[in-house]
Amino acid sequence: MTEQAEPTTEPPAEPLGETPDATPAEAASGANAAPTGATLPQRDDYYLALAFTAATRANCRGRKVGAILVKGDRVIATGYNGTPEGLPNCLDGGCLRCSDRASFVAGTAYDLCICVHAEANALLTAGRFGASTDGTTVYTTDQPCFSCSKELIQAGVEKVFYARAWRPDPRVADDYRRLQERLHAEHVPTEYEIVEFS
């Protein structure tokens, strides 16, 4: 005689790894399973949080900026603003534009600044280590400046998500708007802040 299982009143357990953003492999393995009752951040929130984390490494007297370069749902490079490798940091007086703020109007004279912007650093890091930037998405704490916008387009970036807006020189506002449209730049309001470490 075979024993039959008692009927249960509990609902069947949900398979591990079943999140709206889980890949089939993640869902099957349960590798990215959230603890019961936990909510995973949406992908855009996750990448934007990484950009804010990258900004904590920035060494700039003006504004700390971070950027993440994503391809195929994987981070391929990060960047933050600061002086070129091997030169004195901005906070150590390595950048005249940042150390003499009174002589330079905010949002201008970037071509005279020795610092490399976060978006440019992410692109350069990808190139330095052989990662293609064609078809990528950038998540950045700040809307890319005029120069970074041109560089992102030339590198094949298809989309930009940013948290804080940037205002261009009014004389080139129309050109800047066209660059942002080409990048499909999208403002993403967020409560993230750059944490200062001491």
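I take a residue as buried when its relative accessible area is under 20%. With that cut-off, 35% of the 198 residues of the chain count as buried. The model I am reading is a predicted one.

**Entry: overall layout**

I listed the secondary structure and found six helices and five strands. Read from the N terminus, the order of elements is α-α-β-β-α-α-β-α-β-α-β. I then looked up the contacts with a separation of 6 or more, and 59% of them join residues 24 or more positions apart. For the accessible surface of the chain I noted about 12,600 Å², with 52% of that area belonging to carbon and sulfur atoms.

**Entry: aromatic rings**

I looked for rings whose centres lie within 6.5 Å. The count by this rule is six aromatic pairs. I picked out tyrosine 47 and tyrosine 139, whose ring centres are 5.1 Å apart and whose planes stand at 40 degrees, so I entered the pair as tilted. Tyrosine 47 sits in helix 2 (residues 43-55) and tyrosine 139 in strand 3 (residues 137-142), so this pair ties together parts that are 92 residues apart in sequence. I checked exposure for the two of them: tyrosine 47 is buried, and tyrosine 139 is buried as well. Both belong to one aromatic cluster, which is formed by Tyr46, Tyr47, Tyr139 and Phe161.

**Entry: helix 5 against helix 6**

I next took helix 5 (residues 146-154) and helix 6 (residues 173-182), whose axes come within 10 Å and cross at roughly 35 degrees. I recorded the crossing of helix 5 with helix 6 as left-handed. On the helix 5 side the residues in contact are Phe146, Ser149, Lys150 and Ile153, and they meet Asp175, Tyr176, Leu179, Gln180 and Arg182 of helix 6. Sorted by class, this contact has four nonpolar, two polar and three charged residues.

I also looked just ahead of helix 6. Valine 172 is in the loop between strand 4 (159-164) and helix 6. Its relative accessible area is 29%, so I put valine 172 down as partly exposed. The C-alpha atom of valine 172 is 8.9 Å from that of phenylalanine 146, and the two residues are 26 apart along the chain.

**Entry: helix 4**

Which residues of helix 4 are buried? In helix 4 (residues 118-128) I found Ala118, Glu119, Ala120, Ala122, Leu123 and Ala126 to be buried. I looked up what covers these buried residues, and the cover includes strand 1, strand 2, strand 3 and helix 5. After helix 4 comes glycine 130, with a positive phi near 80 degrees.

**Entry: positive phi outside glycine**

Most residues other than glycine have a negative phi. I therefore noted aspartate 73, where phi is positive, near 65 degrees, in a residue that is not glycine. Aspartate 73 lies in the loop between strand 1 (66-71) and strand 2 (74-80). At 27% relative accessibility, I count aspartate 73 as partly exposed.

Histidine 184 went into the list too, with a positive phi of about 50 degrees although it is not a glycine. I located histidine 184 in the loop between helix 6 and strand 5 (186-187). Its relative accessibility is 47%, so histidine 184 counts as partly exposed.

Notes: Residues numbered from 1 in each chain as written. Predicted model: local features only at pLDDT ≥ 70, side-chain atom pairs only at ≥ 80, totals over all residues. Heavy atoms only, no water. Phe/Tyr/Trp six-rings, centres within 6.5 Å; stacked < 30°, edge-to-face > 60°. Helix = DSSP H or I, 4+ residues; strand = E, 2+ residues; numbered from the N terminus. Buried < 20%, exposed > 50% of the residue type's maximum accessible area, 1.4 Å probe, protein only. Axes fitted to C-alpha atoms, helices over the stretch in contact; angles between N-to-C directions. Left-handed = near helix turned anticlockwise from the far one by under 90°. Contact = heavy atoms within 4.5 Å. Nonpolar A, V, L, I, M, F, W, Y, C, P; charged D, E, K, R; others polar. Areas by Shrake-Rupley, 256 points an atom, 1.4 Å probe, with all protein chains shown as cover.
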